[in-house]
Every structure is written in structure tokens, then in C-alpha cells.
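Student: Please walk me through this one, starting with the overall layout and ending with single residues. I'd like each answer to finish on the thing I asked for.

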Amino acid sequence: MVTTRALVPVAAMAAAALVVAAVMEAAAAATYTVGAPDGLWDMQTDYAQWVKTKTFHPGDKITFTYSPELHDVVEVTEAGYGACSSANNISAFRTGNDVVALAAVGTRYFLCGLTGHCDSGMKIRVDVVAAGSSPGPDAAGPASSAAPPSASWAAGSAGIAAAAALLLQRAVVVRPFW
């Protein structure tokens, strides 16, 4: 006779490990203030240089902080970015404290839609890469304190999920002594 009572602790342990892995992955998401350390969306910051020191992953967020009387944030297409045009934009933000979620892998383009601001450098290209991916050659540079945890840490959370799966595969059915 085979009993499933012995599997319950193993299954519970595996489920707990999966929950821990999910929580750890969610905790790995970072929030970046565009232009930090000064943290301002303005015409003085070199955004091309700022973004080179970051690696963005799905789940991360970027925050644009600015005076809404002086600037805005417009998400545009690659063509709009290249032309500094906010026509046919994807979305526009005007609160002065705009948080944008980076939900998926891909490239996002943002600029200030006020006349002349983008041409003066108020634009940013954000490349969102899969967890564990290295940044491209343009993104090499020193990491800031706001950088997400290292790839080895992310690999550790994936390792927990793999260990939980292995526990389930190797679960031993034990017969009760009674």
C-alpha cells in the first residue's frame, strides 16, 4: 500500500521554496530615479551617460522627477526619439513625479515634449534585458548603488526553484509504520 501522507511534507517544502523564489525575484526589481544622483529630469543631465551605468530588467521601474510647469515626459517610438518628435506618442506624463514600469524586454524611448528640450538632450533610451543577461557594449560602466542585484543572486533564486522541482521529482513514498 502506497500512502500520500509522506508526500505532503515534501510537496509543502517544494511549494514553500517556489514561493520564496517568487518573492526573491520580485524583490530583485529595482526603481531608478532618472538622472540620479541629482535625480532630476532636466536639461543639464547627460542621460546617455547616466543610462550607460544601468542594466534594466523586466519588473524594474524608472521615476522621472521634474517641475511640471517646465517639463513633461513623453514615451515615443524609435522614429520619434530620433527626430525628437512627440507627435503620435505612445503615452505622456505630466505629474512631475512619474513612475514608469518596465514590464517586458525591449527598448523604450522617452523625451521631453516641450519645444527644444529634446534637442538639448532631454531624451533617454532604456534597454530592458532579460534577467541574467549582460548589458550591451554601450551599457558597460560602473554600477550605481541603485543597480539591481547581481546575476549570481538572480541565478540563486532560479536555483531555489530548480531545487524545489528536484525535490518533487525525487519524492520518496514512505509506508507508514502502523
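Tutor: Let's fix the vocabulary first: two strands pair if DSSP finds at least two bridges between them. Strands (E, at least two residues) and helices (H or I, at least four) are DSSP runs, numbered from the N terminus. This is a predicted model, where local features need pLDDT of at least 70 and side-chain atom pairs count only at pLDDT 80 or more, while totals for chains, interfaces and linings use all residues. Residues are numbered from 1 along each chain as its sequence is written, and side-chain values use heavy atoms, with hydrogens and water left out.

Student: What is the strand order of the open sheet of four strands?

Tutor: The pairing in this sheet is antiparallel. S4 and S7 are its edge strands, each pairing on one side only. From one strand to the next, the twist averages 25° (axes are lines fitted to C-alpha atoms, with angles from 0 to 180 degrees between N-to-C directions). The order is S4-S3-S6-S7.

Student: Which residue in S6 stands opposite Val76?

Tutor: S3 and S6 run antiparallel to one another and pair over three bridges. On its other pairing, S3 meets S4 over three antiparallel bridges, and there Glu75 has Ser91 as its bridge partner. Opposite Val76 in S6 is Tyr109.

Student: Are the residues on both faces of strand S3 buried or exposed?

Tutor: The cut-offs are under 20% relative accessible area for buried, over 50% for exposed and partly exposed in between, with a 1.4 Å probe and protein chains only. Strand S3 (residues 73–76) has Val73 and Glu75 on one side, Val74 and Val76 on the other. Both faces are covered, and these four residues are all buried.

Student: What about the other sheet: which strands stand at its edges?

Tutor: That one is an open sheet of three strands in the order S1-S2-S5, with mixed pairing. Its twist averages 20° from one strand to the next. S2 and S5 pair in the antiparallel sense over six bridges, and Thr65 stands opposite Asn97 in S5. Each edge strand has a single partner, so one side of it is left without a neighbour in the sheet, and the two are S1 (31–33) and S5 (97–102).

Student: How far apart in space are Ala30 and Ile62?

Tutor: Ala30 is in the loop between helix H1 (7–27) and S1, and at 9% relative accessibility it counts as buried. Ala30 and Ile62 are 32 residues apart in sequence. From C-alpha to C-alpha, the distance is 8.4 Å.

Student: Which cysteine does Cys84 join in a disulfide?

Tutor: The structure holds one disulfide, meaning a pair of cysteine sulfur atoms within 2.5 Å. Here the S to S distance is 2.1 Å, and the link is left-handed, with -70° about the S-S bond. Cys84 sits in the loop between helix H3 (78–83) and strand S4 (91–93), and its partner, 34 residues apart, in the loop between strand S6 (106–111) and strand S7 (123–128). That partner is Cys118.

Student: Which cysteine is in no disulfide?

Tutor: Its nearest cysteine sulfur is that of Cys118, 8.4 Å away. Cys118 is buried at a relative accessible area of 5%. The unpaired one is also buried, at 1% relative accessibility, and it is Cys112.

Student: Which residue's backbone oxygen lies 3.4 Å from a polar atom of the side chain of His57?

Tutor: His57 is in the loop between helix H2 (47–52) and strand S2 (60–65). With a relative accessible area of 14%, His57 is buried. The backbone oxygen at 3.4 Å belongs to Ala130.

Student: Back to the whole chain: what share of the 178 residues is buried?

Tutor: The chain has four helices and seven strands, following the pattern α-β-α-β-β-α-β-β-β-β-α along the sequence. It exposes about 10,200 Å², with carbon and sulfur atoms supplying 61% of that (areas come from the Shrake-Rupley method with a 1.4 Å probe). The buried share of the residues is 31%.

Student: What share of contacts between residues at least 6 apart in sequence join residues at least 24 apart?

Tutor: A contact means heavy atoms within 4.5 Å. Among the contacts you describe, the share is 75%.

Terms used
A polar contact is a pair of N or O atoms within 3.5 Å; within protein, one must be able to donate a hydrogen and the other to accept it, and residues adjacent in sequence count only if both atoms are side-chain atoms.
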